[in-house]
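Colleague: Please take a close look at one part of this model for me. I would like to start from the core and then follow the hairpin.

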Amino acid sequence: METRFERVYGPHGDWVQLFAQDGAYIKTELVHESNSASYLTLDFWASEAAYDAFRKQHGAEYRALDLKCEGMTENEQEIGRFVRLSPE
């Protein structure tokens, strides 16, 4: 399941294809914890407001994809929303 998960949640996966419909989406990074089944997905947007607007506008598509991917995770949790303080 890890290979499928990495393909769907990775930088060219299904989530990126959905997010890329919006010009405020920047990129997604998928990070894997060594010797663990834990992953961290980092989605970068121009602003929190832009992400919230996207979720509102594409809510049905977001929920459908989330439901499709539900069987690939044991636990999913939003750990927070962060603002980058310095440019890349």
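Modeller: Start inside. This is a predicted model. Its largest nonpolar core has 17 residues. Those with the most contacts inside this core are Y9, W15, L18, F19, W45 and C69. Helices dominate the list of suppliers: α1, α2, α3 and α4 (59-69) each give at least two residues to this core. The most comes from α2, with 4 residues.

Now pick one core residue, Y9. Which residues does Y9 touch, not counting those up to four places away in sequence? They are W15, T28, L30, T41, C69, M72, T73 and E76. Keep three of those names in mind: T28, L30 and T41. L30 and T41 meet again in the hairpin, where T41 in β2 is the bridge partner of L30. So much for the core.

Next, the hairpin itself. Strand β1 covers residues 25-32, and strand β2 covers residues 39-45. How do β1 and β2 pair? They run in the antiparallel sense, over 7 bridges. Besides L30 with T41, look at V31, which stands opposite L40 in β2. The two strands form a hairpin with 6 residues between them.

Look at that turn. N35 sits there, in the loop between β1 and β2. Its phi is positive, about 55°, although N35 is not a glycine. Most residues other than glycine have a negative phi. Is N35 buried or exposed? N35 counts as exposed because its relative accessible area is 83%, and the cut-off for exposed is over 50%.

Step back to the other end of β1. G23 is found in the loop between α2 and β1. G23 is exposed too, because its relative accessible area is 84%. Compare its place in the chain with that of E61. G23 and E61 are 38 residues apart in sequence. In space they are 17 Å apart, C-alpha to C-alpha.

Back to the pair of strands, and to L42. L42 is found in β2. Why is L42 called partly exposed? Its relative accessible area is 29%, so L42 falls between the limits of 20% for buried and 50% for exposed. Leave aside its neighbours within four places in sequence. L42 is then in contact with K27, T28, E29 and V31. T28 is also on the list for Y9. L42 and G10 are 32 residues apart in sequence, and 9.8 Å apart in space, C-alpha to C-alpha.

L42 leads on to the largest pocket. About 1500 Å³ of space lies in that pocket. The lining has 36 residues. Which of them lie nearest the centre? They are L40, T41, L42, D43 and Q77. The elements that give two or more residues to this lining are α1 (2-9), α2 (14-19), β2 and α3 (48-57). The largest share comes from β2, with 7 residues. By class, the lining has 19 nonpolar, 8 polar and 9 charged residues.

Put the threads together. β2 pairs with β1, and β2 gives the largest share of the pocket lining. T41 is in contact with Y9, and T41 is also among the residues nearest the centre of the pocket.

Key:
Residues are numbered from 1 along each chain as its sequence is written. This is a predicted model: local features need pLDDT of at least 70, side-chain atom pairs count only at pLDDT 80 or more; totals for chains, interfaces and linings use all residues. Side-chain values use heavy atoms; hydrogens and water are left out. Two strands pair if DSSP finds at least two bridges between them. On a 1 Å grid over the protein atoms alone, a cavity is a set of points where a 1.4 Å probe fits but cannot get out, and a pocket is an open set with protein on both sides within 12 Å along at least five of seven lines; lining residues have an atom within 4 Å of a point. Grid points are joined across faces, edges and corners, and a volume is the space filled by probe spheres set on the points. Ala, Val, Leu, Ile, Met, Phe, Trp, Tyr, Cys and Pro count as nonpolar, Asp, Glu, Lys and Arg as charged, and the others, Gly among them, as polar. A nonpolar core is a set of buried Ala, Val, Leu, Ile, Met, Phe, Trp, Tyr and Cys residues joined through side-chain atoms within 4.5 Å. Buried means under 20% relative accessible area, exposed over 50%, partly exposed in between (1.4 Å probe, protein chains only). Contact means heavy atoms within 4.5 Å.
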